[in-house]
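Grab a pencil and work through a few exercises on the fold shown here. Try each task yourself before you read the steps below it.

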Amino acid sequence: MRDIAKARDVAIGPEPARSVAVAQSAEGQPDARRRFGTQLDERQLDERLALDGRRWTNAWRWTDAAGRMLGAGRTLDVTLDPRPSTLDYTHPSVDLRSAITVVGGGLAGSECAFQLARLGVEVCLVEMKPGRRSPAHRGDGLAELVCSNSLRSDEPETAVGLLHEELRRLSSVVLGCADQCRVPAGGALAVDREAFSDAVTRTLSAQPRVRLARREVERLPEGVVVVATGPLTSEPFAAELGRHVGERLYFYDAIAPIVDADSVDRRVAFRMSRYGKGGGDDYLNLPLEREQYLDFVSELRAAEKVSPRAFEEPRYFEGCLPIEVMAERGDEVLAHGPMRPVGLLDPRTGRRPHAVVQLRAEDRAGTAYNLVGFQTRLTWPEQRRLFRQLPGLEGAEFLRLGQIHRNTFIDSPRLLLPDLSLRSEPRILFAGQISGVEGYVESAASGLLVALSLHARLSGRKFLPPPATTALGALYRHVTGEAHPEGLSFQPTNVTFGLFPPLPGRVRKADKRVRYAQRAREDLEAWTRSLGLPIVPGDVEGDRSGPDQRSPVAESGELHADQRGGEVA
């Protein structure tokens, strides 16, 4: 006769804990057989759990049948194989039975929680707002965009546009909601930031496997934790992380101002997109002649800036430099950067101006405009004074002024394992900008990769990262360091074709982007097929429906049983 060990409670988020009875022999060892309270087919029977001496090592994997049994109040009688588990290949000390905690409700955390829920995993998503906000946050919703409202180019033959496409094909909640909330922006994907945050918040709140907890985290929770606190990690939690990663890294980032649309002088500003992209007139452009431009650069250099604290070294991300830092690098740097006039003709003169300030709509109604590329660390009085000297902004009313903030990130190639967990403590995984990716879309992609990694571990399988030839794989190669020479100092970066493996053979420069995109699409499909991962058909360019409409997801957001099937990694 066997004694039945005491029931073990399995906490799965907001629902009451459920008991699972484990059959053991009289000697206290787990019995080698499996017994279930109902007849299951062979695939469902092949759900193995193992006992590693003193503690559980593999995740509980609930089949639909098991879930229905538990939901009906029946006890699932599981017996365990006493032999060493061949599935426990990575982290023998990690217990994954209870809900996974995702700390941070930004783009990475929201994407990670959504994808885990779709894969049948219970998630507790912890967001510190509204109880506490960083200096850059204003709203209470998830996935708040604190800098630009642009997710950058949506052209599929750019690296970030290709990443857009891959995320859409993998049913990204961030890209799905961005498509629903887009505003005119030429060839870029820009959104109404408030509508976008609301859409992500509603989508996550509707997921039955996601519990949203509103509280600040100052200490790492027990169990498996995904750290997705982003570049604005709070000081207490950053100090806590420092005790686990052994150091703190950072760089400075800045936010561009926003002006009231009615305060822009339309006698000066002209509507046009570069080269007529998008609707052809998605931006307002403020033209500057050479003398006006050089006066502006001179004023920028002399203006009062916000200085970092005495113990902080001012380091900036090269892809998002403050305009005054660019001005210091040379007279024409801004004219070849955010103020470049290429692809634009002033309709009043019929010629290209020496420089332009572009204004991009912040919302669908066009009531507010962002000064594109004008992130700055100027003091607020100086911003008002200097920017009102620009043609067309003499009477500008600023809805938000630019500001500087410090971004926190870790040395991922040195600290993380290939499955994106911490080498010294594998129960901790990192996603988003804190892992060293830069940009909204890259953060969402990072969250998706961590979700796939965790699901692989839950399924008892080794994480198979996306091919290096895909945009997702290229970003993964950056975080793991595979894309960089040995010894190179790790710095955050956007996705670029420089992270991709070179194309084979000789390829004309004009054909390279097309070839990169073609290769990526083919390899993405092969990778998803090998994993049994559902994927949206390849022709998704221009698709504007939401994530549940475009993907094989039930109304609850969970994959259908035949699509989950234990093969998703």
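**Exercise 1. The core**

Leaving out residues up to four places away in sequence, which residues does valine 227 touch? Then place valine 227 in its wider setting.

Step 1. Keep in mind that you are looking at a predicted model.

Step 2. Look around valine 227: with those sequence neighbours left out, its contacts are Val103, Leu220, Phe237, Leu241, Ile428, Leu429, Phe430, Ala431 and Ile434.

Step 3. Zoom out to the largest nonpolar core, which has 97 residues. Val227 is among the residues with the most contacts inside that core, along with Leu116, Leu151, Phe196, Leu204, Val226 and Phe430.

Step 4. Ask who supplies the largest share: helix α12 (residues 440–458) does, with 12 residues.

Step 5. Apart from this core there's another one, of 36 residues, including Leu288, Ile323, Val325 and Leu390.

**Exercise 2. A covered strand**

Work out which strands β8 (residues 123–127) pairs with, and how its residues are placed.

Step 1. Start with burial: five of the five residues of β8 are buried.

Step 2. Sort them by direction. Val123, Leu125 and Glu127 point one way, while Cys124 and Val126 point the other way. That fits a general pattern: in a regular strand, side chains alternate between the two faces of the sheet.

Step 3. Find one partner. Strand β7 runs parallel to β8 and is joined to it by four bridges; isoleucine 100 has valine 123 as its bridge partner.

Step 4. Trace the chain between these two strands. From β7 it passes through helix α3 (residues 107–118) to β8, and this β-α-β crossover is right-handed.

Step 5. Find another partner: five bridges join β8 to β12 (residues 210–214), again parallel. Here cysteine 124 sits opposite arginine 211.

**Exercise 3. An open sheet and a buried alanine**

In what order do the three strands β9, β10 and β11 form their open sheet? Then find the surroundings of alanine 190.

Step 1. The order is β9-β11-β10, with antiparallel pairing.

Step 2. The edge strands, each paired on one side only, are β9 (150–153) and β10 (182–183).

Step 3. Go to β11 (residues 188–191), which two bridges join to β10. Alanine 190 lies in β11 and stands opposite valine 183.

Step 4. Is alanine 190 buried or exposed? Its relative accessible area is 0%, and buried means under 20%, so alanine 190 is buried.

Step 5. List what touches alanine 190, again leaving out residues up to four places away: Asn149, Ser150, Cys181, Arg182, Val183, Ala185 and Arg360.

Step 6. Add a long-range neighbour: glutamate 362 is 172 residues away in sequence, yet the C-alpha atoms of the two residues are 8.0 Å apart.

**Exercise 4. Two helices and what covers them**

Find the buried residues of helices α7 and α10, and what they pack against.

Step 1. In α7 (residues 235–245), the buried residues are Phe237, Ala238, Glu240, Leu241, Gly242 and Val245.

Step 2. Their cover includes β7 (100–103), β13 (225–227), α11 (412–415), β22 (421–422) and β23 (425–430).

Step 3. Just past the end of α7, glycine 246 has a positive phi of about 85°.

Step 4. In α10 (residues 380–387), Glu382, Gln383, Leu386 and Phe387 are buried. They span an arc of only 105° around the axis, so they sit on the same side of α10.

Step 5. The buried residues of α10 pack against α8 (290–302), α9 (323–328), β19 and β20 (398–400).

**Exercise 5. Aromatic pairs**

How many aromatic pairs does a search of the whole structure find? Then classify the pair made by phenylalanine 409 and phenylalanine 490.

Step 1. The search finds eight aromatic pairs.

Step 2. For phenylalanine 409 and phenylalanine 490, the ring centres are 6.4 Å apart and the planes are at 55°, so the pair counts as tilted.

Step 3. Locate both rings. Phenylalanine 409 is in strand β21 (residues 403–409), and phenylalanine 490 is in the loop between α13 (471–480) and α14 (512–531), 81 residues apart.

Step 4. Check burial: phenylalanine 409 and phenylalanine 490 are both buried.

Step 5. Finish with a cluster: ring pairs link Phe296, Phe374, Phe387 and Phe398.

Definitions and conventions
Residues are numbered from 1 along each chain as its sequence is written. This is a predicted model: local features need pLDDT of at least 70, side-chain atom pairs count only at pLDDT 80 or more; totals for chains, interfaces and linings use all residues. Side-chain values use heavy atoms; hydrogens and water are left out. Two strands pair if DSSP finds at least two bridges between them. Buried means under 20% relative accessible area, exposed over 50%, partly exposed in between (1.4 Å probe, protein chains only). Contact means heavy atoms within 4.5 Å. Rings of Phe, Tyr and Trp (its six-membered ring) pair if their centres lie within 6.5 Å; planes under 30 degrees apart count as stacked, over 60 as edge-to-face and the rest as tilted. A nonpolar core is a set of buried Ala, Val, Leu, Ile, Met, Phe, Trp, Tyr and Cys residues joined through side-chain atoms within 4.5 Å. A crossover is right-handed if, with the strands pointing away from the viewer, the path from the first strand over the helix to the second runs clockwise. The arc is that of the directions from the helix axis to the C-beta atoms.
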